[in-house]
Amino acid sequence: MLMETKKLTKQFGGLTAVNDVDFTIEKGKINAIIGPNGAGKSTFFNLLSGTYTPSAGQVFYKGQDITKRPPDKIARLGVARTFQTTHLFEESTVLDNVIVGHRLRTSSNLWDAVFRTRRFKFEEKKCRDKAMEVLEFVELTHVMDEQAGSITQEEKKRVAFALALATDPEVVFLDEPTAGINPGETEGLASLMEKMVQRGITVCLIEHKMKMIMKLADKIMVLNYGEKIAEGTSEEIMNNQAVIEAYLGGGASA
Amino acid sequence: MDIFIQQVFNGLTIGSVYSLVALGLTLVYGILHIPNFAHGALYMLGAYITLTMMLLWGIHYWIAMAVSVLVVGLLGVLMDRLVFHPLRNAPPIHDKIAAIGILLFLEAFAQLIWGADYRTMETPYGQVVNLFGMTATTQRVLINIGAVVVMILLYLFLKKTYAGSTIIAMAQNREGASLVGINTSRVAMLTFMLSGGLAAVAASLSAPINLVFPGMGHLVILKAFVIIILGGMGSVPGAILGGYILGFTESLGATYISNDYKDIIAFLMLVIILSIKPKGLFSREGF
Amino acid sequence: MVSLLKNRGWIIGFIAAGVLFPFVLPNAYFLHILTLAFIWMIAVYGLNLLAGYTGYLSLAHAGFFAVGAYGLGLLTVKTGMNYWLALILACLITSAVGLVVGLVALRTREHFFAIYTLCVGYIIYLIIDKWDSLTGGVRGLIGIPEPSNIGPISFQTPISQYYLIFAFLLFTILVMYRIVHSLTGRTFIAIRNSEDLARTLGISTMKNKLMVFVLSAFFAGLAGALYASFIRFIGPDIGYITIIFDLLTYLLVGGIGTLAGPIVGTFLIVALSQSLQFLQDYRMLIFGPLLTLLIIFYPRGIAGAYHDWRLKRKSAQRTRPQKEQEYFETEESEKQVKEG
């Protein structure tokens with residue numbers, strides 16, 4: 001087990017977005033979180049990556065309590081994530097956009113930048129090499145020098161993956177990675193996720209596309225109204241009464 | 001004790017003006033999330049238009065004010081149509097810069113037309129009255145009454161009319177408002193109209209006890225920003241309350257601390273508030 | 001590589017133009033105006049690093065400019081300190097003020113940040129205006145000395161001051177160029193694009209923003225200090241809001257978030273203001289709408305528009321061969337399908 005939450009809860013004002021969720025992320029697997037709209041999936045992600053601080057409960061990473069850590073510290077531990085919309089610097093090239101992803105593994109500062117020290121040169125190259133490497137991994141070398149604003153939606157998703165991978169993560173959280181792209185492209189991204197797992201990177205994703213999740217995920221958790229209603233393999237989830245009700249009953253209206 | 005009462009009354013008077021200006025600012029912010037830096041210029045123009053009507057054509061104070069409200073309100077609408085509407089999907093930094101551009105233009109425009117001199121506005125209400133043991137000019141009393149009347153009218157408009165309720169609906173949820181068929185562009189125009197009108201009322205009421213000059217909006221608008229941060233950006237009651245709080249603080253501060261530094265009070269308040277609560281008072285953590 | 005050479009061409013051209021100007025046009029008035037423009041450029045570069053590259057629109061920079069100017073003025077006039085020491089101290093004081101302001105200001109975002117910094121700028125102005133015993137209030141501070149000699153080099157003549165300030169400008173540009181083209185600069189740009197994303201990439205946003213803010217205040221202070229010793233008289237109005245509006249206009253016309261922007265914009269607007277002398281106080285009748293129109297139609301100014309135009313031309317050249325290649329590829333894959 002790579003990551004674990006214990007009784008994780010998040011409240012906004014009087015609203016409970018995530019309630020008492022216990023969840024484990026298995027190392028080297030594809031873990032998925034599903035649930036109707038507004039079930040608290042994104043909030044749960046934000047809690048794991050440190051973007052939100054939990055109201056109660058704890059988050060552990062490799063046995064270490066990281067509940068109160070800020071997102072940049074968590075990222076340094078090897079936890080990367082993507083967002084539903086990727087904010088790229090559109091006027092810059094794809095490669096330039098990805099280079100900054102490895103920034104957290106470097107230490108050159110303002111001084112190095114102004115005086116062009118040896119460390120500066122070494123680390124600039126290191127980040128560039130890393131960016132090339134991850135772009136190759138996500139199969140984007142052909143658009144490397146294009147402007148980020150001119151690439152397709154699916155390519156942007158891949159750039160987001162590349163950015164996350166450039167941080168040298170052990171686990172990557174993907175927030176609806178295939179939203180807004182066509183089935184063929186979804187297929188491509190799914191196999192990219194499998195490729196990541198083969199590389200030893202643990203994957204955890206939020207998804208709406210049930211068919212894809214059932215095929216892809218090793219382990220699934222279902223959230224509804226902020227609470228965990230089921231957890232298990234795809235067969236277990238598909239046969240779970242509570243899940244069927246959540247999706248077909250009132251919860252499916254969203 | 002007499003001084004104290006006098007200062008409370010002064011605070012009330014200044015506060016009324018601040019509240020009116022802040023109301024216009026907060027309405028626009030609530031609807032469009034634009035900090036309208038040009039609002040101070042609308043205030044300034046409001047005073048000049050009233051003054052010009054009175055001096056040039058000898059129109060009565062109240063009628064001149066009504067004309068001013070209309071003209072400045074329409075100017076607000078024009079601003080929305082020409083500048084803020086085209087920028088509605090631009091990054092937030094653009095609105096601010098555009099607003100600053102409008103501010104600079106309107107100020108230079110006022111200077112071109114009316115000159116850089118400080119002018120006074122004479123009203124029929126210069127006489128001194130005795131009120132609860134203190135002395136004040138009728139004009140000061142009118143500022144207080146006028147402000148309260150305008151606030152009540154605004155409240156009734158927002159709560160009791162359909163047009164007003166669309167403003168509230170859009171302030172609460174823009175997408176929702178447009179989904180239920182509210183024409184958001186029209187609401188935006190209406191809000192700018194109200195906002196400009198409020199600025200004109202505030203300026204026309206307060207000009208007789210202050211001076212009229214092209215830069216007269218600077219301090220007022222800065223303080224109005226402090227007020228809406230104090231009262232919650234976009235909150236109508238917050239703007240009123242915040243305006244009076246600042247009015248009192250300044251009036252008492254000027255008497256008991258230092259008259260030279262009274263203008264700093266507002267900004268120090270802001271610095272302290274934002275130091276403690278970076279998202280302003282009354283902010284909720286959003287989703 | 002070509003673009004690097006092109007860049008270098010521009011830079012060498014700019015340096016040559018700056019060095020040769022006093023010989024080509026030996027006019028005392030133009031020299032004065034251009035020296036002033038250089039000072040503004042330094043301040044605009046400071047603002048650009050923060051507003052353009054990191055995405056935080058600071059309206060306090062006129063205040064920082066004034067702190068630098070009054071810092072140098074007071075240190076030299078009231079304590080008789082050596083000019084160069086005072087210059088360094090003035091910049092450090094401004095940086096320190098920037099640090100204190102930044103610590104609070106940078107916890108706020110967007111509108112709050114703009115309003116907060118606007119108020120800070122105004123507080124600085126009010127303090128200078130009201131603190132009569134220290135700053136001389138509205139009467140201003142007179143008799144600020146010109147830069148003292150460094151060995152045999154003296155800075156008494158307008159030409160020598162021109163070159164001195166030009167050197168400071170080149171230093172500023174060099175520093176900016178190196179910051180922007182480094183991991184540190186990329187970090188700033190990442191913060192501008194999305195602070196949330198930057199944080200999940202392991203970037204400590206507060207630390208970086210504070211660094212930019214202080215650096216940006218440093219350059220505003222440097223510009224202010226140079227202004228004080230060049231004009232040799234300062235009043236509270238150098239800290240007034242109109243100054244920050246001027247700086248913003250220069251930056252936006254030239255191109256926010258571009259390296260050439262501050263030079264292009266400042267030079268153009270200063271030159272234009274000179275030729276519109278008769279307008280004087282009414283120049284904002286033109287610049288106000290200009291600013292607004294620019295932000296609607298060319299949000300990245302002249303330098304940004306030029307950049308886009310060049311990229312468009314470049315990509316137009318590139319798409320043609322690429323399409324041919326695609327054509328061949330599809331043919332090949334069709335062949336494969338048939339064979340398979």
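User: How is chain A divided into domains in this model?

Analyst: Keep in mind that we're looking at a predicted model. Residues 88-168 of chain A make up domain 2. The other domain comes in two stretches of chain A, so to speak, and the full split reads domain 1 (1-78 + 169-254) and domain 2 (88-168).

User: What separates the centres of domain 1 and domain 2 of chain A, and how many residues does each give to the contact?

Analyst: Going by C-alpha atoms, the centres sit 27 Å apart. The two domains still touch, and about 1500 Å² is buried between them, with 70% of that from carbon and sulfur atoms. As for who brings what, domain 1 of chain A puts in 21 residues and domain 2 of chain A puts in 14 residues.

User: Which residues form the salt bridge between domain 1 and domain 2 of chain A?

Analyst: The count between these two domains is one salt bridge. Its closest N and O atoms are 3.0 Å apart, inside the 4 Å cut-off. Check the numbering against the domain bounds: 139 falls in 88-168 and 195 falls in 169-254. The pair is A:Glu139 and A:Lys195.

User: Which element gives the most to the side of domain 1 of chain A that touches domain 2?

Analyst: Helix H2 (71-77), strand E7 (171-175) and helix H7 (183-198) of chain A each supply at least two residues of that side. By type, that side of domain 1 divides into twelve nonpolar, three polar and six charged residues. With seven residues, the top contributor is H7(A).

User: Moving to chains C and B, which residues of chain C lose the most area to chain B?

Analyst: Here 37 residues of chain C meet 45 residues of chain B. Together the chains bury about 3900 Å², 81% of it on carbon and sulfur atoms. On the chain C side, 17% of what is buried comes from C:His111, C:Phe112 and C:Ile115.

User: How many salt bridges and polar contact pairs turn up between chain C and chain B?

Analyst: Polar contacts were counted with both residues at pLDDT 80 or more, and that gives three residue pairs. No Lys or Arg nitrogen comes within the 4 Å cut-off of an Asp or Glu carboxyl oxygen across this interface, so the salt bridge count is zero. That makes zero salt bridges and three polar contact pairs.

User: Which helix supplies the largest share of the side of chain C that touches chain B?

Analyst: Three helices of chain C each supply at least two residues: H5 (110-130), H11 (241-254) and H13 (284-297). The touching side sorts into 28 nonpolar, five polar and four charged residues. With 13 residues, the largest share comes from H5(C).

Notes:
Residues are numbered from 1 along each chain as its sequence is written. Chains are lettered from A and ligands numbered from 1 in the order in which they are written. This is a predicted model: local features need pLDDT of at least 70, side-chain atom pairs count only at pLDDT 80 or more; totals for chains, interfaces and linings use all residues. Side-chain values use heavy atoms; hydrogens and water are left out. Contact means heavy atoms within 4.5 Å. Buried area is the accessible area (1.4 Å probe) that two parts lose on being put together, summed over both. A salt bridge is a side-chain nitrogen of Lys or Arg within 4 Å of a carboxyl oxygen of Asp or Glu. A polar contact is a pair of N or O atoms within 3.5 Å; within protein, one must be able to donate a hydrogen and the other to accept it, and residues adjacent in sequence count only if both atoms are side-chain atoms. Helices (H or I, at least four residues) and strands (E, at least two) are DSSP runs, numbered from the N terminus. Ala, Val, Leu, Ile, Met, Phe, Trp, Tyr, Cys and Pro count as nonpolar, Asp, Glu, Lys and Arg as charged, and the others, Gly among them, as polar. Domain bounds come from an automatic or database domain assignment.
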